[in-house]
Amino acid sequence: MTLGRTVAITEIPGINLLNRGKVRDVYEVDARTLLIVTTDRISAFDCIMPNQIPDKGRVLTGISAFWFGMLGEIVPNHLLSVSFEDMPDSVREMPELEGRVMLVRKTKVFPVECVVRGYLEGSGWKDYQNSGEVCGQKLAEGLIQCAMLESPLFTPATKEESGHDENISFERFCEIVGEDFGHRLRELSFSIYKAASDFALSRGLIIADTKFEFGLDENGEIILIDEVLTPDSSRFWDVAAYSPGHAQPSFDKQFLREYLESLDWDKTPPAPHLPNDIVEATAARYRDAYQRLTGKNILNNTEGVKVGD
């Protein structure tokens, strides 16, 4: 295991690069298999920062593998292996990628994000302040920032490679994915969120909101894909410090967003260089989320979290 260095971008000989996203590089291994490399890149306000966050790729890969194993009884997923020994030869010749790679099944991806909100924060809080609604769903009057909702909300969004994802109604969601799939995806999203939230609470964490992505496998079965319940896709708060009425300290990149908001930057590229203290403080939050959820220290755990741990 190569520790102490970051991975900003990957080039793997002999494997076709399909897509380079904000954080992940996706390669095609064969007709049925993809290789996902989670780098240490970090984005905010749809801009990739010039700095990388140490261990971020390993944290996201390990947390996703952890949840895929735990949630398998609710919904199958695309993960085949996170073991470095199972990776193609050209990958194993790049030790810096260990802990950052997943072999997954190819799927027909639903072009939407399935967002579940259990607490009133972020764009949901802004919507509520303006209209008393969140994504068209009317809420009770008098709610405060970060309040726990009476029941979680399903607020789907379009999935955009560049630019901002757009919140859409459930009706529009069903138009995109089909009526039957729409209801099934909503049901699965609520079930996953409930199970994950209950577990996270037992580890001292609140999952305020999260987003899931799904696809269809070769048999037409819905499976969970991409990352799941990581600090990049979810808002994590400390149960002990939770105090509604204002923004909460978080274990995700909200800390970075708040720093960037304090700058004279118009949120368009190029993004500003991050000072070392901001990089290290962000990395610490990611590592802490990993340790709280998995019970392991990412700096000491050289084997990584395996599926089912």
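Select Glu121. This residue is buried yet has no salt bridge. The nearest side chain of opposite charge belongs to Arg235, 5.3 Å away. Keep in mind that you are looking at a predicted model.

**Stop 1: around Glu121**

Glu121 sits in the loop between β9 (112-119) and α3 (123-131). Show side chains here. The side chain of Glu121 makes a polar contact with that of Gln145, at 3.1 Å. Now display what else touches Glu121. Beyond its neighbours within four places in sequence, the contacts are Gln145, Cys146, Arg235, Trp237, Ala247 and Gln248.

Why does Arg235 not count as a salt-bridge partner of Glu121, at 5.3 Å? A salt bridge needs the side-chain nitrogen within 4 Å of a carboxyl oxygen, so a distance above that cut-off does not qualify.

**Stop 2: Arg235 and Asp209**

Move on to Arg235. Which residue forms a salt bridge with Arg235? Select Asp209: the closest N and O atoms of this pair are 2.9 Å apart. Asp209 lies in strand β14 (residues 205-216) and Arg235 in strand β16, so the salt bridge ties together parts that are 26 residues apart in sequence. Both ends are enclosed. Asp209 is buried at 7% relative accessibility. Arg235 is buried too, at 16%.

**Stop 3: strand β14 and its partners**

Color β14. Of its 12 residues, 11 are buried, so this strand is largely enclosed by the rest of the structure. Now step through its pairings.

- β16: five bridges join this strand to β14, and the two run antiparallel. Select Ile207 and find Phe236 in β16 opposite.
- β9: four bridges, antiparallel, link this strand with β14. Arg117 stands opposite Asp209 in β14.
- β15: four bridges join this strand to β14, again antiparallel. Glu213 has Ile225 in β15 as its bridge partner.
- β8: two bridges pair this strand with β14 in the antiparallel sense. Lys108 faces Leu216 in β14 across the pairing.

Stay with β14 and β15 for a moment. They form a hairpin with five residues between the strands. Select Gly220, which takes a positive phi near 80° in this hairpin.

**Stop 4: Ser233**

Next, select Ser233, in the loop between β15 (222-225) and β16 (234-238). Is Ser233 buried or exposed? Ser233 has a relative accessible area of 8%, so it is buried. Its side chain reaches the backbone nitrogen of Leu229 at 3.4 Å. Measure across to Thr210. The two residues are 23 apart in sequence, but their C-alpha atoms are 5.6 Å apart. Outside its neighbours within four places in sequence, Ser233 is in contact with Asp209, Thr210, Lys211, Glu227 and Val228. Asp209 is the salt-bridge partner of Arg235 from Stop 2.

**Stop 5: the five-stranded sheet**

Switch to a ribbon view. Look for an open sheet with the strand order β1-β2-β3-β7-β6 and antiparallel pairing. Its edge strands are β1 (16-20) and β6 (79-81), each pairing on one side only. Neighbouring strands in this sheet are turned by 35° against each other on average, direction ignored.

Start at the β1 edge. β1 and β2 form a hairpin with three residues between them. Four bridges join β1 to β2 (residues 24-30). Arg20 stands opposite Asp25 in β2.

Now go inward. β3 (residues 33-38) and β7 (residues 101-105) pair over five bridges in the antiparallel sense. Select Leu34 to find Val104 in β7 opposite.

**Stop 6: more salt bridges**

How many salt bridges does the structure hold? There are 21. Two more deserve a click.

Select Lys106 and Glu28. Their closest N and O atoms are 2.4 Å apart in a salt bridge. This pair links distant parts of the chain, 78 residues apart: Lys106 is in the loop between β7 and β8 (108-109), and Glu28 is in strand β2. Lys106 is partly exposed at 24% relative accessible area. Glu28 is partly exposed as well, at 27%.

Finish with Arg92 and Asp89. They form a salt bridge, with the closest N and O atoms 2.2 Å apart. Both lie in helix α2 (residues 89-92), three residues apart, about one turn of the helix. Arg92 counts as partly exposed at 37% relative accessibility, whereas Asp89 counts as exposed at 51%.

Definitions and conventions: Residues numbered from 1 in each chain as written. Predicted model: local features only at pLDDT ≥ 70, side-chain atom pairs only at ≥ 80, totals over all residues. Heavy atoms only, no water. Buried < 20%, exposed > 50% of the residue type's maximum accessible area, 1.4 Å probe, protein only. Lys, Arg positive; Asp, Glu negative; His and termini not counted. Polar contact = N/O pair within 3.5 Å; in protein donor to acceptor, adjacent residues only side chain to side chain. Contact = heavy atoms within 4.5 Å. Pairing = 2+ DSSP bridges. Axes fitted to C-alpha atoms, helices over the stretch in contact; angles between N-to-C directions.
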